[in-house]
Number of protein chains: 2
Amino acid sequence: MRYHRDDVVARALAVLDDHGLESLTMRRLAGELGVQPSALYHHVPNKQALLALVADEILARGKRPRRAKRWDRRVVEVCAELRDAMLAYRDGAEVVVTAHTFGLGAAEPAQQLREALRDGGLPDDVVDVGTRALLHLVFGHTAEEQMALQAASAGAIERAPGGPADFEHGLELVLDGLRARVNA
Amino acid sequence: MRYHRDDVVARALAVLDDHGLESLTMRRLAGELGVQPSALYHHVPNKQALLALVADEILARGKRPRRAKRWDRRVVEVCAELRDAMLAYRDGAEVVVTAHTFGLGAAEPAQQLREALRDGGLPDDVVDVGTRALLHLVFGHTAEEQMALQAASAGAIERAPGGPADFEHGLELVLDGLRARVNA
DNA sequence: ACCTGAACACCGTTCAAGT
DNA sequence: ACCTGAACACCGTTCAAGT
């Protein structure tokens, strides 16, 4: 059987979701594809690049249509989509956040947030600061939430995690600050 | 030479700062101490626990006296101390953030933020949401900033990173939201 | 273009045994 | 209490060679 890059990424995402990030090794992935580990390097330059592709695939699969018209509602919509996309796959948040930390992936949500803030009439520097603050909030909250969910499902803890309400509350804190800076 | 846990943690932090997180392996650390790798497991249960201790040591070394009286100024003070502490060591942000993601470390800054928000007269649920939002902001911003700084010093990029001004601006966004909720 | 086979240079962790 | 020696069960990546 001959594979293309998309097959490798799709299989990597399946391994991630079924067995977790710590089980997603190049050797394991090769084994699942029935191929030698070295064959993977024909499709992908290294593991970090593969994980960045997996991160983008997670976000692509979570895409939803934009409905909100008001800029601040659109911010909430984009952030909620981002959160849901990451939560939809085991260790999804960690993969996406790590890729972003290394300067890869998550470019599209960032761009959508920038546009929303710009449409809101915010000055350029506030658009910059606001976009990054919102991304950090979503990433941090979702990574923490997913960790708690997975710990709970493993029976390690009974504590209910933040959930969507806490998530939106945190967002509203930043949105308050942003609304106060419209037309500043 | 016989070591105690503190020696191991201190040496781990030195290896981290001198050679980076990717070089901080149990085998390398053992080598630097002139000891077999297996000897480390007398002082520490595993690598993850060691990294959590290193994270706490980074934060402990960055401790500064509290000066601000107003609750919101104290929030800025705590967050700035946290940022500076992480930036003071190579890959410091990544180590602290990872430890926090796995539910370890960074307990003291969280507690100090909680107290500041409580002193501000915020209701309990806002204290919770606000503390986590602030931590996520500081962690996200600092990890990104340190990544950019290290990429720049490696000559990979010329772009000047966020810096302290952007950091405080992001914080102010959240503080605006919090101030609006005092006595709510 | 895509893959095999074999190797290189490593990892974290365990455990019986020593002092 | 702290450490050695040796092993177990893995890693990511490279590279000549095959089809």
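How far does a polar side-chain atom of Tyr41(A) lie from a phosphate oxygen of DNA strand D? I looked this up first, bearing in mind that the model is predicted. The distance is 2.7 Å.

**Entry 1. Strand D, polar contacts**

I then went through other phosphate oxygens of DNA strand D. I found a polar side-chain atom of Lys47(A) at 2.9 Å from a phosphate oxygen of this strand. From chain B, I noted His42(B), whose side chain places an N or O atom 3.5 Å from a phosphate oxygen of DNA strand D.

**Entry 2. Strand D, surroundings**

I listed the residues around DNA strand D and obtained 19. Those that come nearest are Arg27(A) and Tyr41(A) from chain A, with Gln36(B), Ser38(B) and His43(B) from chain B. Of the atoms of DNA strand D that come within 4 Å of the protein, I recorded 53% as sugar and phosphate. I also sorted the residues of the surface near DNA strand D by class: 6 are nonpolar, 9 polar and 4 charged. Tyr41(A) thus enters my notes twice, as one of the residues that come nearest to the strand and through its side-chain contact with a phosphate oxygen.

**Entry 3. Strand C, surroundings**

I repeated the search for DNA strand C, which has 19 residues around it. Here Gln36(A), Ser38(A), His43(A), Arg27(B) and Tyr41(B) come nearest. Sugar or phosphate supplies 53% of the atoms of DNA strand C within 4 Å of the protein, and bases supply the rest. By class, I counted 6 nonpolar, 9 polar and 4 charged residues on the surface near DNA strand C.

**Entry 4. Strand C, backbone contacts**

Which backbone atoms lie by phosphate oxygens of DNA strand C? I noted a backbone N or O atom of Gln36(A) at 2.6 Å from one such oxygen. For Tyr3(A), a backbone N or O atom lies 3.0 Å from a phosphate oxygen of the strand. In chain B, a polar backbone atom of Met26(B) is 3.0 Å from a phosphate oxygen of DNA strand C.

**Entry 5. Relation of the two chains**

I next laid chain A on chain B. The superposition takes a turn of 180° and a shift of 0.0 Å along the axis, and it gives an RMSD of 0.0 Å. The two copies are therefore related as by a two-fold rotation axis. I looked for the C-alpha of chain A nearest this axis and found that of Val174(A), 2.4 Å away. The same surface serves both copies, with 100% of the contact residues of chain A recurring in chain B.

Technical notes. Residues numbered from 1 in each chain as written. Chains lettered and ligands numbered in written order. Predicted model: local features only at pLDDT ≥ 70, side-chain atom pairs only at ≥ 80, totals over all residues. Heavy atoms only, no water. Near = heavy atom within 4 Å. Polar contact = N/O pair within 3.5 Å; in protein donor to acceptor, adjacent residues only side chain to side chain. Nonpolar A, V, L, I, M, F, W, Y, C, P; charged D, E, K, R; others polar. Least-squares fit on C-alpha atoms with pLDDT ≥ 70 in both. Contact = heavy atoms within 4.5 Å.
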